[in-house]
Amino acid sequence: EFFAMPLNEVVAQLSRQFEIPILLAHKKLEEASVSSNTPITKTLRALPLESVLRLILADLELGITVRNNVLLISTPEDIESNLLIRVYPILDFVVEPRRSATNTAADAAPHCDALIETIIASVHPDSWDDVGGPGAIETLENAKALIISQTRDVHRQIESLLSALRRAKAIQGIPSLAPPS
């Protein structure tokens, strides 16, 4: 429960309560005209830390990310400016057509378009470069992999989506690869 408690005190209390380092990006908040003394009034119980922070920060138009092993509270623009590049193996999602005398090597290339469209449509659709967002997704066909540049939060959601798709394939008896550890 927070009643007119300054943002910096809310952050300090949550940091102690959950025993993890949480920092404010003071310079970025100042640039966005958000004071660390902004009063926060919220009653939130029995919620995970991420949910608590997102609910508190939504009114201030701020977000969270992890940088240098610290939970950082900053502006969406600052968070989006620090993209991570990850490689996702997708061999189990790529169906190559059978080769015949009329098919060329180009016809046998992996068909990743449906998977890419699903990711873009399902995971933060406004965060991709084709609509002016910071994220990008490319296919490395000879490795049957997607190379994705996105925020940490979007990567988490992509991993969740791919895991769910793999579970759906397993339920249907369709073989799938275990994600790399």
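Student: Where in the chain does V123 lie?

Tutor: This is a predicted model in which local features need pLDDT of at least 70, side-chain atom pairs count only at pLDDT 80 or more, and totals for chains, interfaces and linings use all residues. Residues are numbered from 1 along each chain as its sequence is written, and side-chain values use heavy atoms, leaving out hydrogens and water. Helices (H or I, at least four residues) and strands (E, at least two) are DSSP runs, numbered from the N terminus. With that in hand, V123 can be placed in the loop between α5 (113-122) and β7 (136-140).

Student: Is V123 buried or exposed?

Tutor: Buried means under 20% relative accessible area, exposed over 50%, and partly exposed in between (1.4 Å probe, protein chains only). The relative accessible area of V123 is 3%, so V123 counts as buried.

Student: Which residues does V123 contact, leaving aside its neighbours within four places in sequence?

Tutor: Contact means heavy atoms within 4.5 Å. Once those sequence neighbours are set aside, the partners of V123 are W128, V154, Q157, I158 and L161.

Student: What distance separates the C-alpha atoms of V123 and H155?

Tutor: Along the chain, V123 and H155 are 32 residues apart. In space, their C-alpha atoms are separated by 9.0 Å.

Student: I see H155 again beside S149. Which strand holds S149, and is S149 buried or exposed?

Tutor: Residues 145-150 form strand β8, and S149 is found there. Not counting residues up to four places away in sequence, S149 touches L83, L84, I85, P134, G135, A136 and H155. The relative accessible area of S149 is 19%, so this residue of strand β8 counts as buried.

Student: Let's turn to another serine. Which residues does S36 contact, not counting those within four places in sequence?

Tutor: S36 sits in the loop between α2 (26-31) and β3 (39-42). Its relative accessible area is 18%, so S36 is buried. With its close sequence neighbours left aside, S36 is in contact with P6, L7, N8, L24 and H26.

Student: How many salt bridges does the structure hold?

Tutor: A salt bridge is a side-chain nitrogen of Lys or Arg within 4 Å of a carboxyl oxygen of Asp or Glu. Counted that way, the structure's salt bridges number 10.

Student: How many residues apart are K42 and D59?

Tutor: The side chains of K42 and D59 form a salt bridge, with 3.1 Å from N to O. K42 belongs to strand β3, while D59 is in the loop between α3 (49-58) and β4 (63-67). The pair thus links distant parts of the chain, and the separation is 17 residues.

Student: Which level of accessibility does D59 have?

Tutor: Its partner K42 is partly exposed, at a relative accessible area of 22%. For D59 the relative accessibility is 59%, so D59 counts as exposed.

Student: Which helix holds both E50 and R54?

Tutor: The side chains of E50 and R54 meet in a salt bridge of 2.9 Å, N to O. At 28% relative accessibility, E50 is partly exposed, and R54 is partly exposed at 32%. Four residues, about one turn of the helix, lie between their positions, and both are in α3.

Student: How far apart in sequence are the parts that D153 and R54 tie together?

Tutor: D153 and R54 also meet in a salt bridge, at 3.1 Å from N to O. D153 lies in helix α6 (residues 152-171) and R54 in helix α3, so the parts tied together are apart in sequence by 99 residues.

Student: Is D153 buried or exposed, and which residues are linked with it in a network?

Tutor: At 18% relative accessibility, D153 counts as buried. Salt bridges link D153 into a network with E50, R54 and R156.

Student: Now the whole chain: how many helices and strands are there?

Tutor: Reading from the N terminus, the elements run β-α-β-α-β-α-β-β-α-β-α-β-β-α. That order is made up of six helices and eight strands.

Student: What share of the residues counts as buried?

Tutor: Among contacts between residues at least 6 apart in sequence, 58% join residues at least 24 apart. As for burial, the chain has 181 residues, and the share that counts as buried is 38%.
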